[in-house]
Amino acid sequence: MSFSYHPGRPGAGRMSGFTMIEMMIVVAMSAVLVAVASPSFMATVRVNRLDVSSGDLRSAVMLARSEAIKRSGLVIVEPLTSGVWTGGFRVYADADQDPTNSDNSGTDRLVRQMASMRNIVASGAPQRLAFNSRGENVSLAALSANRVPT
């Protein structure tokens with residue numbers, strides 16, 4: 001806002017700019033628009049989180065298959081915490097070629113470790129997924145994921 005005083009000019013001493021009432025109306029209209037858009041934005045964020053988490057799991061499985069073929073050996077995908085896939089998971093090459101035992105950091109080689117998956121529940125989750133040198137699933141397990149209702 002500015003105030004200029006020029007004696008002798010028409011309209012001298014007038015202020016230019018917005019009044020407080022005009023500013024309050026603009027702020028109120030902005031608040032209404034934000035309130036209307038917020039619920040649909042939150043739904044978009046939830047769907048995006050689900051897409052990212054399922055994409056991480058899918059990429060870990062694809063990585064395990066390709067690493068098993070590349071290394072001509074057993075590669076395993078398993079949760080960081082036994083049986084809890086939502087706490088994160090790791091992909092590692094199993095040195096002893098036994099799909100029934102868990103990670104042995106002394107001999108097994110870690111390929112990648114993924115962060116936790118938020119708002120996801122893994123249903124019918126196996127202890128681990130194992131792939132042989134031909135990229136076949138030898139753990140006899142499948143994994144599906146669903147979004148947690150919020």
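A salt bridge here is a side-chain nitrogen of Lys or Arg within 4 Å of a carboxyl oxygen of Asp or Glu. In this predicted model, the side chains of lysine 70 and glutamate 67 meet that definition, with an N to O distance of 3.2 Å. Five such salt bridges turn up in the structure.

Take the lysine 70 pair to begin with. Both partners belong to helix H1, which covers residues 20-71, and they sit three residues apart, or about one turn of the helix. That spacing makes sense, because an α-helix has 3.6 residues a turn, so residues three or four places apart point the same way. The surroundings of the two partners are another matter: lysine 70 is exposed, at 60% relative accessible area, whereas glutamate 67 has a relative accessibility of 9% and counts as buried, because the cut-off for that label is under 20%. The pair isn't on its own either, since Arg71 joins Glu67 and Lys70 in a network of salt bridges.

H1 itself deserves a closer look. With 52 residues at 1.5 Å a residue, a span of 76 Å is expected, and the end C-alpha atoms are 71 Å apart, so the two values agree. The helix does have a kink, of about 35°, at serine 38, shortly before proline 39. As for burial, the buried residues of H1 are Val45, Ser53, Gly55, Leu57, Ala60, Leu63, Ala64, Glu67 and Ala68. Glu67, the salt-bridge partner of lysine 70, is thus one of the buried set. Just past the end of H1, serine 72 adopts a positive phi of about 50°.

Away from H1, glutamate 78 and arginine 128 form another salt bridge through their side chains, at 3.1 Å from N to O. Glutamate 78 is part of strand S3 (residues 75-81), while arginine 128 falls in the loop between strand S6 (120-123) and strand S7 (129-131), so this pair ties together parts that are 50 residues apart in sequence. Here both glutamate 78 and arginine 128 are buried.

A further salt bridge joins the side chains of glutamate 136 and arginine 134, with N and O 2.9 Å apart. Arginine 134 is exposed, its relative accessible area being 61%. Glutamate 136 comes out at 37% relative accessibility and so counts as partly exposed.

Technical notes: Residues numbered from 1 in each chain as written. Predicted model: local features only at pLDDT ≥ 70, side-chain atom pairs only at ≥ 80, totals over all residues. Heavy atoms only, no water. Helix = DSSP H or I, 4+ residues; strand = E, 2+ residues; numbered from the N terminus. Buried < 20%, exposed > 50% of the residue type's maximum accessible area, 1.4 Å probe, protein only. Expected span 1.5 Å × (residues − 1). Bend = angle between axes of the 7 residues up to and from the residue.
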